[in-house]
Amino acid sequence: MFLKKVTLLRDSISSFREYPLSIPSIHSMDQIELKKSVTFFVGENGSGKSTLLEGIAEVCGFNTASGGKDHTYDVHASTSDLAEHLRLSWLPKVSNGFFLRAESFYHFATYLEEVDTTGFRKYGGESLHRQSHGEAFLSLFLHSFKEQSIFLLDEPEAALSPSRQLTLLRILHDLTKDRQAQFIIVTHSPILLGFPDADIISFDEGQITSIDYENTDHYQITKYFLNHREKFLNDIFKEDDE
Ligand SMILES: Nc1ncnc2c1ncn2[C@@H]1O[C@H](COP(=O)(O)OP(=O)(O)OP(=O)(O)O)[C@@H](O)[C@H]1O
Ligand SMILES: [Mg+2]
């Protein structure tokens with residue numbers, strides 16, 4: 001793993017009143033140490049996960065509309081006001097990899113369709129548009145991986161069936177076992193979060209802190225739901241029936 005630390009340069013910030021610095025988890029952020037090859041960001045909707053991931057992607061030099069360094073298409077390009085206040089500490093510095101948002105995957109595929117002259121060799125020999133969303137997503141990893149890369153993924157589960165999420169776990173395992181790749185993944189998926197030996201960082205309660213898998217809502221709510229579905233649903237629907 002290569003990216004060791006993400007620091008918010010608080011001294012460079014004159015005001016925390018506006019987005020994105022006003023988001024409570026960012027407002028209180030100091031630094032995040034990345035100790036594992038796979039780090040997950042979890043937290044409620046709107047807790048600031050995507051904002052921070054996008055900021056990191058921008059400092060890495062990745063296109064924040066999704067893509068790697070050589071993918072400089074600017075459809076839906078966006079910038080992050082946070083990036084100028086972030087410092088990334090590397091050992092060693094790597095520049096391979098990409099940032100991918102599930103929702104911008106289609107645009108990324110369109111771009112590759114337009115510029116690819118290799119018969120999609122890097123992406124499995126088949127246009128990403130002629131593969132399903134999930135198939136295309138997995139072939140991107142299986143075929144575009146180069147040594148020593150960092151991958152920043154925002155909700156990859158949106159493209160993947162449960163069994164394909166297991167395939168992604170296998171890919172994470174294969175790509176990180178020799179410490180050749182590092183992943184930071186924003187997710188709501190209790191399956192992906194189950195990756196062994198990953199760090200999970202919570203953005204809830206306006207704070208960025210480590211959390212154990214079994215203490216996440218994702219694990220607890222899913223487990224309770226699957227084990228007590230009828231009771232759970234009765235509880236949820238109770239008010240409407242009365
Ligand atoms: N361009 C923007 N201008 C102002 N506020 C924004 C902007 N983009 C996001 N926000 C706000 O910043 C907060 C954090 O958003 P962010 O997208 O980082 O959340 P998230 O943790 O990724 O949530 P989710 O799980 O729903 O994807 C939210 O309250 C959101 O409404
Ligand atoms: Mg998000």
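Okay, one term before we start: when I say polar contact, I mean a pair of N or O atoms within 3.5 Å. And keep in mind that what we're looking at is a predicted model.

Let's begin at ligand 1. Gly48 makes one of those contacts through its backbone, with an N or O atom 2.9 Å from an oxygen atom of the ligand. Then there are two side chains to look at. Ser50 puts a polar side-chain atom 2.7 Å from a ligand 1 oxygen, and for Thr51 the corresponding distance to an oxygen of ligand 1 is 2.5 Å. How much of ligand 1 does the protein bury? On its own, the ligand exposes 640 Å², and 55% of that gets buried by the protein.

So who else is around it? The neighbours of ligand 1 include the run Glu44, Asn45, Gly46, Ser47, Gly48, Lys49, Ser50 and Thr51. From elsewhere in the chain you also get Tyr19, Ile23, Glu155 and His188. Sorted by class, that shell comes out as two nonpolar, seven polar and three charged residues.

Now, some of those names take us straight into helix H2, residues 49-60. Does its length look right? With 12 residues at 1.5 Å a residue, H2 should span 16 Å, and its end C-alpha atoms sit 17 Å apart, so that agrees. Is H2 mostly buried or exposed? Nine of its 12 residues are buried, so the rest of the structure largely encloses it. Among those buried residues are Lys49 and Thr51, along with Leu52, Leu53, Ile56 and Cys60. Right after the helix, Gly61 has a positive phi of about 90 degrees.

Let me finish with two single residues. Thr7 belongs to strand E1, residues 3-8. Why do we call Thr7 buried? Its relative accessible area is 7%, and the cut-off for buried is under 20%. Setting aside residues up to four places away in sequence, Thr7 touches Met29, Asp30 and Gln31, and also His85, Leu86 and Arg87.

The other one is Leu34, in the loop between strand E2 (31-33) and strand E3 (38-42). Leu34 counts as buried too, at 4% relative accessibility. Which residues does Leu34 contact, leaving out its neighbours within four places in sequence? They are Met1, Leu3, Lys4, Val6, Thr39, Gln182 and Ile184. And if you want a distance to check on screen, the C-alpha atoms of Leu34 and Lys5 are 5.6 Å apart, though 29 residues separate them along the chain.

Key
Residues numbered from 1 in each chain as written. Chains lettered and ligands numbered in written order. Predicted model: local features only at pLDDT ≥ 70, side-chain atom pairs only at ≥ 80, totals over all residues. Heavy atoms only, no water. Near = heavy atom within 4 Å. Polar contact = N/O pair within 3.5 Å; in protein donor to acceptor, adjacent residues only side chain to side chain. Areas by Shrake-Rupley, 256 points an atom, 1.4 Å probe, with all protein chains shown as cover. Nonpolar A, V, L, I, M, F, W, Y, C, P; charged D, E, K, R; others polar. Helix = DSSP H or I, 4+ residues; strand = E, 2+ residues; numbered from the N terminus. Expected span 1.5 Å × (residues − 1). Buried < 20%, exposed > 50% of the residue type's maximum accessible area, 1.4 Å probe, protein only. Contact = heavy atoms within 4.5 Å.
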